[in-house]
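Subject: A structure for you to look at

Hello,

Here is the structure I promised to pass on. Please open it and keep it beside you as you read.

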Amino acid sequence: MDDLLADFLSETNESLAELDSALLSLEQSPDDADTLSRIFRLVHTIKGTCGFLSTPRLERVAHAAENVLGRVRDKVLPVTPDLITTVLAAIDVIKVIVAGLAGTGSEAAREDGALIARLDAIAERGFVAADPSAASQPRMPNAETSRSRDAAIAPEPKLAPQTVRVGVDVLEEQMRLVSELVLARNQLLQLARAKEEKSGETSAFAAPLQRLSQITSDLQEGVTKTRMQPIGHAWNKLRRLVRNLEQELGKKIELHMTGGDTELDRQVLELIKDPLTHMVRNSADHGLERPTERREAGKPETGRITLNALHQGGHIIIEMADDGRGLPVDRIRAEALARGLASEAELAAMSDAQIHRFIFLAGFSTAARVTSVSGRGVGMDVVKTNIERTGGTIELASKPGLGTSFTITIPLTHAIVPAFILESGGSGSRSRRSACSSSCTRQAMRQSVAAA
């Protein structure tokens, strides 16, 4: 049962992450039948698997959500913001239940009657009941209904690729061993070259070492690929975040993302999730104006936040920008002076770009009041700290009334990557192909340099 529960939790968490994004896509494109079918299949799978684990609470909530989605699929109900919000609320409850299962192995006791009543009211009458207690209780479908619903689920047009679930710690150990193998390979090649230079003869080990070198390089590349994930995985939750911020802040926000298929190391991906979240929240709260302010400034009512990712050499470039009011240079200068971070003379000599950098200091904020979204001065400090932990950098540019843009440059991977080490001295210079790593130890680096 432990293995079954672990598999269920892993698969369900993946489905829940996909559901958030898919539901928001459906809200934007209500006539997208493929997206609706995918959502229905995911919820149906979660509900169906509950029967093996004796999780009645999870099954009730998933069943109520499935009923609503089934009515939408049958074109009885239209896709509306209220409908999507209620289904998202059900998904949030499912996430809480799944988190409890992961922590304790059993469901936490809680009453979900009000939520289920709202879902049933939408499924049966197409609106949210004003009095949840007056809504009917969920009805379990009979066998014939279940068979007809299952038969309505269209089969996948092609077989899904075969996958095997492997623990992250196993991949980390494989990467460590491959890194050590690369360093040992470099040492052997250096010893062979030194012996050939000394004797003037080709060593019998030359051909096997060359073959070993090629296999090691292929193995390194293969193991590195197992750690690579599309950056879009870090962006999936941002669409839901922006939708929530629209409602909370009373603003109209459009999130435009490109380059989501750009791949980078899983470890780096984990480190940039929080920075991206903080940056989007700050842009929505501080950067973008309210619809009335944007109209008065001659801008569209809907503010725009853009995210773009691309490869450039051995790095990933992430660009995030908004078309809001820009950074308030005068307020930043005044706050820096009030905190004693610089004197008036020093601030007067600084360019706007230099003054902008103050926002990355811990506790620094120009917000007039603290809100549930931002204003405590910890967001951009976390952004800078986490990005620097990846070995990356962050730059910003801002123009009053036009918006603010951030450019993040981070390593493609923390694995060992090819490099050139140049040594000059005497009458000439030489270069050898070697390898280095942002995560290897000082001793390993010295070994790599010695091999060159």
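Below is what I found, starting with the whole chain and then going place by place.

**The whole chain**

Please note that this is a predicted model. The chain has 16 helices and nine strands. Of its 452 residues, 39% are buried. The exposed surface comes to about 24900 Å². Carbon and sulfur atoms supply 53% of that area. I also looked at contacts between residues at least 6 apart in sequence. Of these, 69% join residues at least 24 apart.

**Helix α3 and the loop after it**

Start with α3, which covers residues 56-73. How far should its 18 residues span at 1.5 Å a residue? The expected span is 26 Å, and the end C-alpha atoms are 25 Å apart, so the two agree. Now look at its surroundings. In α3, 13 of the 18 residues are buried, so the helix is largely enclosed by the rest of the structure.

Just after α3 comes Lys 75. This residue sits in the loop that leads from α3 to α4 (81-104). Its phi is near 65°, a positive value in a residue that is not glycine. Why point that out? Most residues other than glycine have a negative phi. Is Lys 75 buried or exposed? Lys 75 has a relative accessible area of 75%, and the cut-off for exposed is over 50%, so it counts as exposed.

**Salt bridges**

Side chains of opposite charge can pair when their charged atoms come close. How many salt bridges does the structure hold? There are 23. Here are three of them, and then a network.

- Glu 172 and Arg 266 meet through their side chains, at 2.7 Å from N to O. This pair links distant parts of the chain, 94 residues apart. Glu 172 is in helix α7 (residues 168-199), and Arg 266 is in helix α10 (residues 266-287). Glu 172 is partly exposed, at 27% relative accessibility.
- Arg 294 pairs with Glu 289, and their closest N and O atoms are 2.8 Å apart. Both of these residues are buried.
- Arg 333 and Asp 330 form a salt bridge of 3.1 Å, N to O. Both lie in helix α12 (residues 329-338). They are three residues apart, or about one turn of the helix. An α-helix has 3.6 residues a turn, so residues three or four places apart point the same way. Arg 333 is partly exposed at 26% relative accessibility, while Asp 330 is exposed at 59%.
- Asp 20, Asp 92, Lys 95 and Arg 240 are joined into one network by salt bridges that share partners.

**Helix α10**

Back to α10, the helix that holds Arg 266. It has 22 residues. From its first C-alpha to its last it reaches 30 Å, close to the 32 Å expected at 1.5 Å a residue. Where does α10 bend? The bend is at Ile 272, by about 30°. A proline, Pro 275, follows within four residues.

Leu 276 is in α10 too. At 1% relative accessibility, under the 20% cut-off, Leu 276 counts as buried. Which residues does Leu 276 contact, leaving aside its neighbours within four places in sequence? They are Ala 234, Trp 235, Leu 238, Leu 307 and Ile 318. Val 383 is also worth finding. Leu 276 and Val 383 are 107 residues apart in sequence, but their C-alpha atoms are 7.6 Å apart in space.

**A nonpolar patch, and a serine**

Now turn to the surface. Leu 188, Leu 191 and Leu 212 make a nonpolar patch of about 270 Å². Leu 191 belongs to helix α7. Its relative accessible area is 60%, so Leu 191 is exposed.

Ser 213 is in helix α8 (residues 206-227). Is Ser 213 buried or exposed? Ser 213 is buried, with a relative accessible area of 12%. Not counting residues up to four places away in sequence, Ser 213 touches Arg 185 and Leu 189.

**Where to begin**

I would begin with Lys 75 and its positive phi. Then try the bend at Ile 272. Finish with the pair Glu 172 and Arg 266, which links distant parts of the chain.

Best wishes

Terms used: Residues numbered from 1 in each chain as written. Predicted model: local features only at pLDDT ≥ 70, side-chain atom pairs only at ≥ 80, totals over all residues. Heavy atoms only, no water. Helix = DSSP H or I, 4+ residues; strand = E, 2+ residues; numbered from the N terminus. Buried < 20%, exposed > 50% of the residue type's maximum accessible area, 1.4 Å probe, protein only. Salt bridge = Lys/Arg side-chain N within 4 Å of Asp/Glu carboxyl O. Patch = residues over 30% accessible without salt bridge, like charges linked within 9 Å, V, L, I, M, F, W, Y side chains within 5 Å. Areas by Shrake-Rupley, 256 points an atom, 1.4 Å probe, with all protein chains shown as cover. Expected span 1.5 Å × (residues − 1). Bend = angle between axes of the 7 residues up to and from the residue. Contact = heavy atoms within 4.5 Å.
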